[in-house]
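I opened this notebook to log cysteines, aromatic rings and charges over rings. Each entry records what I looked up and what came back.

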Amino acid sequence: MANFNYSLMLSSFLLFLSLLISTPIFSIALSRDNVCKSTQFPSYCTTVLPNNDANVHDFGRFSVRKSLTQSQKFLNWVQNRLERNSADLSEPAIRALEDCRYLVSLNVDFLRSSIGKVNETSKVLPTPEAEDLQTSLSTVLTNLQTCLDGLETTPSAATLKNDVSQMISNDTKLHSVSLSLCTRGWVPKEMDTASFRSKRHALWRKGRLPMKMSDQNRAIFEKALRHRRPRPPMRKLLQVGDVEVTIKDIVVVSQDGSWDFTTINDAIAAAPNNSAASSGYFLIYVTAGVYAEYVNIASNKKYLFLLGDGINQTIITGNRNVVDGWTTFNSATLAVTGLGFLAVNITVRNTAGPSKQQAVALRSGADLSTFYICSFEAYQDTLYTHSQRQFYRECDIYGTVDFIFGNAAVVFQNCNIYPRLPLTGQFNAITAQGRTDPNQNTGTSIQNCTISPSSDLASANAAAAAGNGTYTKTYLGRPWKEYSRTVYMQSFMDSFIDPAGWRQWSGDFALSTLYYAEYNNSGPGSDTTYRVNWTGYHVINAMDAANFTVSKFLLGDMWLPQTGVPYTGGLM
């Protein structure tokens, strides 16, 4: 009898052990304090989560719901301040607060969609859904930080900042906890990218893109091409033998009034709201001309395709800037939030000049946005890769201080990066990446690009080398935020890049928490012998570099084939 009891106990123990081993750790009931230890703000976390044992999924759902509630409260406060109690606010302060209203309203939408995802399952999500979840919650943090940045950098908004600083601080901690728990519970350790690699991809080949559209739309498009005055070189359509990019509808913008619209914004207003990817693009063909307008593509204008006649042919221009009372966020000449945006053959400029400080040409917070053969021209803060997932191919980017900045997950591939001549006494920093939390899936990857001085910088530095003037130093980047992440790989760097490579932001801020890396670059400026010796700086190998390629970092094989834009998924 004793032997039988012993055998039974042993069998039960082994069964329990096997179940324990096969049960994912995140499905086991854990104490609140134990769960909070894994977050960035464990003390704050314990004040938010209920004091009972639960698994990470239950805690995660609670935290995301709490994030939504707090975001709605903050949005209500901002709306009330703007609508009922704004008489004491300056125009710049109102603009900063309007940015907050817009950004937090986006957060409410992101958090609602995130709640839907985490309520569906208590298992690790499939790769596309997991990536969407992590991207949305990463963007929630970025949007709130942008709100705070606008208030902090607007002198006349100091009182507002004091009013909301504690609220924003607590909400930031809460959103960080939500991101941490959701990453732990629903995001796989290794994303499955192989299953998305498309065997067929509609490509611009020899300057031509195959488009699938109705006979009526094709006739409109080809007639518009024939009647351009003047006639710049323009891409033609392939019609046979290729996968085609689907065009749902088309309108034409021409300043002479001969087509549908004379302004780009009017054409955007005519586009349908909330289009699905499966329906194809709404094509806005913008004929050659200089369009002096501030173009805004809102979040409900999904899958718009803005096609111009070429760089320096179709030009969108503006001059908003921080000195004249705009926030960096709302200084953009072209601002894009609509999902799946595609721009080809467009130049975007901010002509405010270096003395006006921050002045953005393009700001993109559009998920799955793509820019092909475009030019972005300004000085400080030219290209604001604000948030979400973005891809740039064969684009030209001109600027001075921090001119590629933001907190998107973004890859620049086969682009030309041209630092310009800044104000006397300034240095150039190409990138200023703004990652604030280690669980954000964001960063800037620069692959197979060419980094050369613009003609004005080259001339001034040549004169300085001959003893006439001051030499302008140019750096690969500096850390705007604590977990700044930037990688240069397989790119050409001209000799004007400072041997140290990178520059600090302020003292030792972020030097141990940032992630800056270089892999297999070429050119006289690529020598890493005298690079900075910060804890967060790395010279990496091919295995590490592969994590920042289009296929892995952006899951580009899942969404780029629809655009028709060429790309390399892995290392070159």
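**Entry 1: disulfides**

I call a pair of cysteine sulfur atoms a disulfide if they lie within 2.5 Å. The model is predicted. I searched the whole structure and got 2 disulfides.

I took Cys36 and Cys45 to begin with. A disulfide joins them, with an S to S distance of 2.1 Å. I looked up the angle about the S-S bond and found -70°, a left-handed link. Are these two cysteines buried or exposed? Cys36 has 1% relative accessibility, so I log Cys36 as buried. Cys45 has 0%, so Cys45 goes down as buried too.

Next I took Cys100 and Cys147. Their sulfurs are 2.1 Å apart, and a disulfide joins the two. The angle about this S-S bond is 90°, and the link is right-handed. I then checked where the two ends sit. Cys100 is in helix H5 (residues 91–120) and Cys147 in helix H6 (residues 127–152). The pair is 47 residues apart and links distant parts of the chain. Both cysteines are buried.

I also noted the pattern. With bonded cysteines counted along the chain, it reads 1-2, 3-4.

**Entry 2: around Cys100**

I stayed with Cys100 in helix H5. Its relative accessible area is 0%, so Cys100 is buried. What does Cys100 contact, leaving aside neighbours within four places in sequence? I found Val78, Cys147 and Leu151. I also looked up Thr146, which is 46 residues from Cys100 along the chain. The C-alpha atoms of Cys100 and Thr146 are separated by 7.8 Å.

**Entry 3: cysteines without a bond**

Why does Cys182 have no bond to the closest cysteine sulfur? That closest sulfur is in Cys45, and it is 12 Å from the sulfur of Cys182, too far for a bond. I used the cut-off of 2.5 Å here. I checked exposure as well: Cys182 has 1% relative accessibility and therefore counts as buried.

I ran the check again on Cys395. The closest cysteine sulfur is in Cys415, at 4.8 Å. That is too far for a bond. Cys395 has a relative accessible area of 0%, so I log Cys395 as buried.

**Entry 4: aromatic pairs**

I turned to the rings. The structure holds 20 aromatic pairs. I looked at two of them in detail.

Phe329 and Tyr384 form an edge-to-face pair, with 6.5 Å centre to centre and 90° between the planes. Phe329 lies in the loop between strand E8 (314–318) and strand E9 (334–336), and Tyr384 lies in strand E15 (residues 383–385), so the pair ties together parts that are 55 residues apart in sequence. I checked burial next. Phe329 is buried at 7% relative accessibility. Tyr384 is buried, with a relative accessible area of 3%.

I then took Phe391 and Tyr567. Their rings also make an edge-to-face pair: 6.5 Å centre to centre, 80° between the planes. Phe391 is in strand E16 (residues 389–393), and Tyr567 is in the segment after helix H12 (550–553). They are 176 residues apart, and the pair links distant parts of the chain. Both are buried.

Which residues do ring pairs link into a cluster? I list Tyr102, Phe329, Tyr384, Phe405 and Trp480.

**Entry 5: charges over rings**

I looked for charged ends over ring faces. Arg363 lies over the face of Phe329, at 3.7 Å from the ring centre. I note that Phe329 is also in the cluster above. Arg320 has its charged end over the ring of Tyr294, 3.8 Å from the centre of that ring.

**Entry 6: Arg393**

My last lookup was an arginine in strand E16, Arg393. Is Arg393 buried or exposed? Its relative accessibility is 10%, so Arg393 counts as buried. I then pulled its contacts, not counting residues up to four places away in sequence. Arg393 touches Phe371, Tyr372 and Ile373. Gln413, Asn414 and Cys415 are on the list as well. So are Val565, Pro566, Tyr567 and Thr568. Two of these names I had met before. Cys415 holds the cysteine sulfur closest to that of Cys395, and Tyr567 is the ring partner of Phe391.

Notes: Residues are numbered from 1 along each chain as its sequence is written. This is a predicted model: local features need pLDDT of at least 70, side-chain atom pairs count only at pLDDT 80 or more; totals for chains, interfaces and linings use all residues. Side-chain values use heavy atoms; hydrogens and water are left out. Buried means under 20% relative accessible area, exposed over 50%, partly exposed in between (1.4 Å probe, protein chains only). Helices (H or I, at least four residues) and strands (E, at least two) are DSSP runs, numbered from the N terminus. Rings of Phe, Tyr and Trp (its six-membered ring) pair if their centres lie within 6.5 Å; planes under 30 degrees apart count as stacked, over 60 as edge-to-face and the rest as tilted. A charge sits over a ring if NZ of Lys or CZ of Arg is within 6 Å of the ring centre and within 35 degrees of the ring normal. Contact means heavy atoms within 4.5 Å.
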